[in-house]
Amino acid sequence: MSVQKAFLVLFVFVAFSCSKETAKDTNIEAENIEIVESELLDIVNDYRVSLGYSSLEHNSIAYEQANKHNDYMISRGDLSHDNFSSRASAISIELNAEFVAENVAKDYATANEAFKGWLASSSHKKTMEGEFTHTAVSVKKDSNNKLYFTQLFFR
């Protein structure tokens with residue numbers, strides 16, 4: 001990884017992480033709610049296009065990372081950006097990404113509610129409007145039927 005790429009990944013981690021990194025691993029694999037994932041991707045892309053930005057292309061490698069993070073959050077029962085640098089590094093290494101960011105949410109019942117929550121937050125809105133080319137959206141349900149959302153963005 002080049003020094004410039006390493007700096008960008010580190011910058012994104014510092015700029016977008018809300019909590020301390022941990023090494024905790026999970027064995028939970030919650031079920032994906034694919035219809036909500038698809039709806040959220042469409043809503044975010046429609047929003048971007050309405051502002052003159054390009055649509056984001058779905059990426060399966062980033063999707064794996066988003067899924068793992070949702071499983072982690074579900075295992076803790078809490079929203080977090082823990083281990084973001086690991087996700088960003090994996091995406092950077094495997095896909096030669098220059099810049100990686102993420103939005104997370106929980107307790108919204110629909111894709112539209114999660115989107116509106118992100119839109120109401122200046123940092124999440126800035127991420128959705130960022131100069132990205134690819135994305136992955138994971139939405140999973142915990143044992144109490146609460147939804148967890150992770151959307152990764154990169155270029």
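# A tour from Phe149 outward

Start by selecting Phe149: this residue is buried, with a relative accessible area of 0%. Keep in mind as you go that this is a predicted model.

Now add Tyr108 to the selection. The ring centres of Tyr108 and Phe149 sit 6.5 Å apart and the planes are at 70°, so you're looking at an edge-to-face pair. Trace the chain out from each ring: Tyr108 belongs to the loop between β2 (100-106) and α5, while Phe149 is in strand β4 (residues 147-154), so the pair ties together parts 41 residues apart in sequence. Unlike Phe149, which is buried at 0%, Tyr108 is partly exposed, with a relative accessible area of 28%.

How many aromatic pairs does the structure hold? Four. For another of them, pick Tyr47 and Phe115, which are edge-to-face at 5.4 Å centre to centre, with 65° between the planes. This pair also links distant parts of the chain: Tyr47 comes from helix α2 (residues 34-50) and Phe115 from helix α5 (residues 111-119), 68 residues apart. Tyr47 and Phe115 are both buried. While you have rings on display, select Phe99, Phe132 and Phe153 too; together they form one aromatic cluster.

Time to zoom out and colour by secondary structure. You should find six helices and four strands, and reading along the sequence gives α-α-β-α-α-β-α-α-β-β. Switch to a surface view if you like: of the 155 residues in the protein, 48% are buried. Contacts are worth a glance as well. Among those with a separation of 6 or more, 74% join residues 24 or more positions apart.

Next, hide everything but helix α3 (residues 60-76) and α4. Their axes come within 10 Å and cross at roughly 165°. An angle over 145° counts as roughly antiparallel, and α3 and α4 are therefore roughly antiparallel to each other. The crossing of α3 past α4 is right-handed. Which residues of α3 meet α4? Show side chains for Ile61, Ala62, Gln65 and His69 on the α3 side; on the α4 side, their partners are Arg87, Ala90, Ile91, Glu94 and Leu95.

Stay with α4 for a moment. This helix covers residues 84-95, twelve in number, and from its first C-alpha to its last it reaches 16 Å, close to the 16 Å expected at 1.5 Å a residue. Pick out its buried residues: Phe84, Arg87, Ala88, Ala90, Ile91 and Ser92. You'll recognise Arg87, Ala90 and Ile91 from the contacts with α3. As you look down the helix, remember that residues three or four places apart point the same way, because an α-helix has 3.6 residues a turn.

Finish with two asparagines. Most residues other than glycine have a negative phi, which makes for a good backdrop here. Select Asn83, in the loop between α3 and α4: its phi is positive, near 65°. Is Asn83 buried or exposed? At 13% relative accessibility, Asn83 counts as buried.

Then jump to Asn96, which follows α4 and lies in the loop between α4 and β2. Asn96 has a positive phi too, near 60°. Check its surroundings, though: Asn96 has 55% relative accessibility and counts as exposed, whereas Asn83 counts as buried. That's the last stop.

Definitions and conventions
Residues numbered from 1 in each chain as written. Predicted model: local features only at pLDDT ≥ 70, side-chain atom pairs only at ≥ 80, totals over all residues. Heavy atoms only, no water. Expected span 1.5 Å × (residues − 1). Buried < 20%, exposed > 50% of the residue type's maximum accessible area, 1.4 Å probe, protein only. Phe/Tyr/Trp six-rings, centres within 6.5 Å; stacked < 30°, edge-to-face > 60°. Axes fitted to C-alpha atoms, helices over the stretch in contact; angles between N-to-C directions. Parallel < 35°, antiparallel > 145°, perpendicular 65-115°, else oblique. Left-handed = near helix turned anticlockwise from the far one by under 90°. Contact = heavy atoms within 4.5 Å.
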